[in-house]
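Work through the exercises below with the sequence and the coordinates open beside you. Each task is followed by a solution that proceeds step by step.

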Amino acid sequence: MFVLIKNFIAKLTSDRYFYLKCRLILLNTFFSVIPLIIVITITYFLIHKIVHEEFKNNLKWQMEETRHSLEFFISERISALKFLAVSYPEEYFLDERNFSQLFYNLKNEFEGIVDMGVIDEEGIQILYAGPYKLKGKDYSQTEWFKTMLLKTDYVTDVFLGYRKFPHFSIIVKKESSHHNKFWLIRVSINIDILQKFVSNLEI
């Protein structure tokens with residue numbers, strides 16, 4: 001290998017024609033390869049940027065669609081609860097059989113509803129329909145109950161609560177005919193429904 005290199009250098013220094021030929025080859029190679037490398041490098045970074053921007057825009061669009069779908073999902077159930085609150089007299093909500101039937105109808109009509117309860121102005125759940133034993137539970141110290149003293153409807157963050165399972169609640173207020181009295185109608189929705197919305201994101 002060393003001999004070949006030595007012979008090549010010797011011929012390069014002694015043969016002027018061979019020297020010019022090698023020089024032309026090197027110059028042609030340089031001026032053809034370097035622009036190609038520059039073009040490939042610029043193209044790579046441009047394509048990378050375009051793909052990255054496209055991914056970001058697509059993800060942003062999907063997240064917006066998911067947010068709108070979730071907002072519609074929640075607003076539908078708020079409207080349904082408000083309709084129940086104004087459509088039925090107070091006495092109807094004091095009858096457990098009526099309340100259970102109301103819950104059954106609501107659950108069949110609206111996906112994701114796990115249970116439903118009525119909470120009085122003291123924060124005590126006086127009626128409950130669902131798979132847990134939550135009748136008589138005290139919610140007076142919860143953040144959502146305190147918030148509902150000033151609002152007519154509310155959607156909680158995801159929390160564990162008495163059931164020790166992730167869920168969120170949708171609550172509406174029903175004013176009582178008695179002075180300064182009110183009831184809260186509350187439905188709970190398991191975290192599964194949020195996972196369903198998130199799973200639609202193509203990441």
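**Exercise 1. Place histidine 167 in the fold and describe its surroundings.**

Step 1. Histidine 167 is found in strand β4, and the model in which it is examined here is a predicted one.

Step 2. The relative accessible area of histidine 167 is 1%; because buried means under 20%, histidine 167 counts as buried.

Step 3. Looking for a polar partner, one finds that the side chain of histidine 167 reaches the backbone oxygen of phenylalanine 165 at 2.7 Å.

Step 4. When residues up to four places away in sequence are not counted, histidine 167 touches a set of residues that includes Asp157, Val158, Phe159, Leu160 and Gly161, and also Arg186, Ser188, Ile189, Asn190 and Ile191.

**Exercise 2. Work out the order of the strands in the sheet and how they pair.**

Step 1. The sheet is open and is formed by 5 strands in the order β2-β1-β5-β4-β3, with antiparallel pairing.

Step 2. At the edges stand β2 (125–129) and β3 (153–155), each of which pairs on one side only.

Step 3. Direction ignored, neighbouring strands of this sheet are turned by 15° against each other on average.

Step 4. The bridges can then be followed from pair to pair: 6 bridges join β1 to β5, 9 bridges join β4 and β5, and 3 bridges join β3 to β4 (residues 167–175).

Step 5. Individual positions fix the register, since a residue can be read against its opposite number. Glycine 117 stands opposite arginine 186 in β5, isoleucine 170 stands opposite valine 187 in β5, and tyrosine 154 stands opposite isoleucine 171 in β4.**Exercise 3. Decide whether the residues on the two faces of β5 are buried or exposed, and find the helix that lies across this strand.**

Step 1. Of the 9 residues of β5, 9 are buried, and the strand is mostly covered.

Step 2. On one side the buried residues are Phe182, Leu184, Arg186, Ser188 and Asn190, and on the other they are Trp183, Ile185, Val187 and Ile189, with the result that both faces are covered.

Step 3. Helix α3 (residues 96–109) lies across β1 (113–119), β2 and β5 (182–190), and runs at about 145° to β1.

**Exercise 4. Identify the elements that build the largest nonpolar core, and locate isoleucine 170 within that core.**

Step 1. In soluble globular proteins, nonpolar side chains tend to be buried together.

Step 2. The largest nonpolar core holds 28 residues, of which Leu81, Leu106, Met116 and Ile170 touch the most other members.

Step 3. At least two residues of this core come from each of α2 (16–87), α3, β1, β2, β4, β5 and α5 (192–199), and α2 gives the most, with 7 residues.

Step 4. Isoleucine 170, not counting residues up to four places away in sequence, touches Ile74, Arg77, Ile78 and Leu81, together with Tyr154, Val155, Ile185, Arg186, Val187 and Ile189.

Step 5. A second, separate core has 10 residues, including Tyr128, Trp144, Phe145 and Ile171.

**Exercise 5. Which residues do the ring pairs link into a cluster, and what is the geometry of the pairs?**

Step 1. The structure holds 4 aromatic pairs. One of them joins tyrosine 139 and tyrosine 162, with 5.3 Å from centre to centre and 75° between the planes, and this pair is edge-to-face.

Step 2. Tyrosine 139 lies in the loop between β2 and α4 (143–148), while tyrosine 162 lies in the loop between β3 and β4, so the pair ties together parts that are 23 residues apart in sequence.

Step 3. Tyrosine 139 is buried, with a relative accessible area of 5%, whereas tyrosine 162 counts as partly exposed at 42% relative accessibility.

Step 4. For tryptophan 144 and phenylalanine 145, the ring centres are 6.4 Å apart and the planes are at 80°, so this pair is edge-to-face as well. Tryptophan 144 counts as buried at 5% relative accessibility, and phenylalanine 145 is buried with a relative accessible area of 4%.

Step 5. Ring pairs link Tyr139, Trp144, Phe145 and Tyr162 into a cluster.

**Exercise 6. How many residues apart in sequence are tyrosine 154 and tryptophan 144, and what does tyrosine 154 touch?**

Step 1. Tyrosine 154 has its place in strand β3.

Step 2. Tyrosine 154 and tryptophan 144 are 10 residues apart in sequence, and their C-alpha atoms are 7.4 Å apart in space.

Step 3. With residues up to four places away in sequence left out, tyrosine 154 touches Trp144, Thr147, Met148, Ser169, Ile170 and Ile171.

**Exercise 7. Find where lysine 164 lies, and state whether it is buried or exposed.**

Step 1. Lysine 164 lies in the loop between β3 and β4.

Step 2. The relative accessible area of lysine 164 is 64%, and lysine 164 is therefore exposed.

Step 3. The phi angle of lysine 164 is near 60°, which is a positive value in a residue other than glycine.

Conventions. Residues numbered from 1 in each chain as written. Predicted model: local features only at pLDDT ≥ 70, side-chain atom pairs only at ≥ 80, totals over all residues. Heavy atoms only, no water. Pairing = 2+ DSSP bridges. Helix = DSSP H or I, 4+ residues; strand = E, 2+ residues; numbered from the N terminus. Axes fitted to C-alpha atoms, helices over the stretch in contact; angles between N-to-C directions. Contact = heavy atoms within 4.5 Å. Buried < 20%, exposed > 50% of the residue type's maximum accessible area, 1.4 Å probe, protein only. Polar contact = N/O pair within 3.5 Å; in protein donor to acceptor, adjacent residues only side chain to side chain. Core = buried A, V, L, I, M, F, W, Y, C linked by side-chain atoms within 4.5 Å. Phe/Tyr/Trp six-rings, centres within 6.5 Å; stacked < 30°, edge-to-face > 60°.
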